[in-house]
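Subject: Handing over the structure, with notes

Hello,

As agreed, I am passing the structure on to you, and below it you will find my notes on what turned up when I went through it. Please keep the structure open beside the text while you read.

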Amino acid sequence: MRKLCLLLFSIAALTGIFTARAEWNDSIRYHGEIGINLAGGANTPFWMMNNQYGLSSRERNNGYLRLGAFHDMDTTRRFTWGAGVDLAVAARFTSVFVVQQLYAEAKYRCLNIMAGSKEMPGFISNSDLATGNLTYSGNARPIPQVRVGIFDYADFWGTKGWFAVKGYIAYGKFTDNRWIESWVDRDTRYALNTLYHSKAIFFRGGNAKKFPLEFELGLEMATQFGGESYENGKVTKMPHGWKNFIKALVPMKGGDDTPEGEQVNIEGNMLGSWNFALAWKEENWSVKAYYQHFYEDHSMLFFDYPWKDGLWGIEAKFPKNRWVTEAVYEFLYNKDMAGSVYWDHTPEINEQVSGRDNYYNHSIYNGWQHWGMGIGNPLIISPIYNNNHRLRFLSNRMWGHHLGFKGQPLDELGYRIMASFQKSWGTYEVPFAEPKRSVNFLAEVTYTPRKLKGWRADLAFGADAGSLIGKSYGVMLKISKTGWLFGPKKNKEK
């Protein structure tokens, strides 16, 4: 796997180098940033910590210095390439040195390849204001991977822009071994050297240039496989040959070299979500309604059981005004999980009841997390919050409301406000004695001075209340500078 990733990364990087002469007018974009968080109470406030692509810390009074350089792809060209390196040093984080992004990518017509670690937003929902998608939310550090496919919507031939498709296939590996070994309670179950697979396909219907109604339908699937699982001094080595890569691509039962549960069900931790969206897009305003349905196995992938759980949302972009430019409301409900009963059929009782899905958790793997942060929606509280140092999601049976909006009152001054409320019952396996609640709030102001081109300052206040993760309050200051190492060719000519 390492050799394959290194080979494809090298190919993408060399492709970029050999074509740099044709596209060097794009130049190299740089970004430098310093962030400081000062907090009191139990943790860093929730919305100052989550949905930061993992570049954050639960520990109070933390900070980081971040430097990056990027060659962005020019999507107007038939062939284009990109690359980026984005590093950080941090205090009171899960690691002192962070390789946040390191990637190379190329595109020919509509076909893409990317190798490395890159921050990529999830599909459907608003990355600034929403809680985050159920499969990928931008909450955890990027997973190093090789990804190929059609990353942006491409029109079907002959449809004249009325029907489009995008999708990808990816393989990679989790990078949090050292952190797990230093943090986890060794008397509990945990896994190391876990491999990663994901794929997605999305369809879009409608042509907003000719009629404002547009819909999207998409399916995301992901799998954790391979690696070793540790529990009570016992090591279970999971197979990771080529046939296991195929089983991750096409979910199948495990072989004789896997634990009994994998032989009855699906090999590895298979999960994902169905995504639906319907949007009305006018010239200067739009409104979009969306629904995401999460599944942990094949039973909820289709309609074996009613779809009671899900993320419902509505996003509005308002006619041009200074006070509220965008707003999002979401409701997340996860109490059902296909019911409370689970039973694998036996010769004596030949019935299958595939309930108790236990979202984001698994009997072998660490669950759907990376470096302690949930990869999916952060309202399902990440393992990094667990004081018992178990790599489990302890509060996945929950419902919650969320509201976010932002505006630009002045040319140099913008704001963002987010507020969430949730109530959790724990899990089916370990329910809370009494339901726990959490209220999470963020108010952020952004200043981009005209006279200091490329500079930006973000000042945020956050607060949490309730028994789920505890009471917290704090402030966050980010100062960043973005510019060009070499001015774009057009500017030079002028």
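How far apart are the mean positions of the positive and negative charges of the chain? The chain carries 57 positive and 48 negative charges, and their mean positions are 7 Å apart. Please keep in mind throughout that this is a predicted model, so every value in this email is computed from that model.

The chain as a whole

The chain has 494 residues, and a compact globule with that number would have a radius of gyration near 23 Å; the chain has 23 Å, which agrees. Taken along the principal axes, the box that the C-alpha atoms fill is roughly 80 × 50 × 50 Å. The secondary structure comes to 7 helices and 25 strands, and buried residues make up 53% of the chain. Among contacts with a separation of 6 or more, 64% are accounted for by residues 24 or more positions apart. The chain exposes about 23,600 Å², and carbon and sulfur atoms supply 61% of that area.

Strands S23, S24 and S25

A good place to start looking is the run of strands S23, S24 and S25. Strand S23, which covers residues 431–447, pairs with strand S24, residues 455–465, in the antiparallel sense over 9 bridges, and one position to find there is Leu442, whose bridge partner in S24 is Gly462. S24 also pairs with strand S25, residues 472–484, again in the antiparallel sense and over 10 bridges, where Ala460 has Met476 of S25 as its bridge partner. The hairpin of S24 and S25 has 6 residues between the strands, and in this hairpin Gly466 takes a positive phi near 115°. While you look along these strands, it may help to remember that in a regular strand the side chains alternate between the two faces of the sheet.

Strands S16, S21 and S22, and the loop residue Asn126

S16 pairs with strand S21, residues 398–410, in the antiparallel sense over 8 bridges, and Val328 stands opposite Gly404 in S21. S21 is in turn joined by 11 bridges to strand S22, residues 413–426, and these two run antiparallel; the bridge partner of Gly407 in S22 is Tyr415. S21 and S22 form a hairpin, with 2 residues between them.

Val328 also appears in the surroundings of Asn126, which is in contact with Glu315, Glu326 and Val328 once its neighbours within four places in sequence are left aside. Asn126 itself is found in the loop between strand S5 (111–117) and strand S6 (145–155). Is Asn126 buried or exposed? Asn126 counts as buried because its relative accessible area is 10%, which falls under the 20% cut-off. The C-alpha atoms of Asn126 and Ser354, which are 228 residues apart along the chain, are separated by 33 Å.

Two residues with positive phi

Asn193 and Met337 each deserve a look at the backbone. Phi of Asn193 is near 60°, a positive value in a residue other than glycine, and Met337 has a positive phi of about 55° although it is not a glycine. Asn193 is found in the loop between strand S8 (190–192) and strand S9 (195–205), while Met337 is found in the loop between strand S16 (326–333) and strand S17 (342–343). As for their exposure, Asn193 counts as partly exposed, at 25% relative accessibility, whereas Met337 is buried, with a relative accessible area of 1%.

Asp86 and Asp74

Which residues are in contact with Asp86, leaving aside its neighbours within four places in sequence? They are Arg66, Leu67, Gly68, Phe70, Val98, Val99, Gln100 and Gln101. Asp86 lies in strand S3, residues 79–91, and Asp86 is buried, with a relative accessible area of 2%.

Asp74, by comparison, is found in the loop between strand S2 (62–71) and S3, and at 18% relative accessibility Asp74 counts as buried, because the cut-off for that word is under 20%. Asp74 and Lys107 are 33 residues apart in sequence, and from C-alpha to C-alpha they are 9.3 Å apart in space.

With best wishes

Definitions and conventions
Residues numbered from 1 in each chain as written. Predicted model: local features only at pLDDT ≥ 70, side-chain atom pairs only at ≥ 80, totals over all residues. Heavy atoms only, no water. Pairing = 2+ DSSP bridges. Helix = DSSP H or I, 4+ residues; strand = E, 2+ residues; numbered from the N terminus. Rg over C-alpha atoms; globule rule 2.2 N^0.38 Å. Buried < 20%, exposed > 50% of the residue type's maximum accessible area, 1.4 Å probe, protein only. Contact = heavy atoms within 4.5 Å. Areas by Shrake-Rupley, 256 points an atom, 1.4 Å probe, with all protein chains shown as cover. Lys, Arg positive; Asp, Glu negative; His and termini not counted. Charge placed at Lys NZ, Arg CZ, Asp CG, Glu CD.
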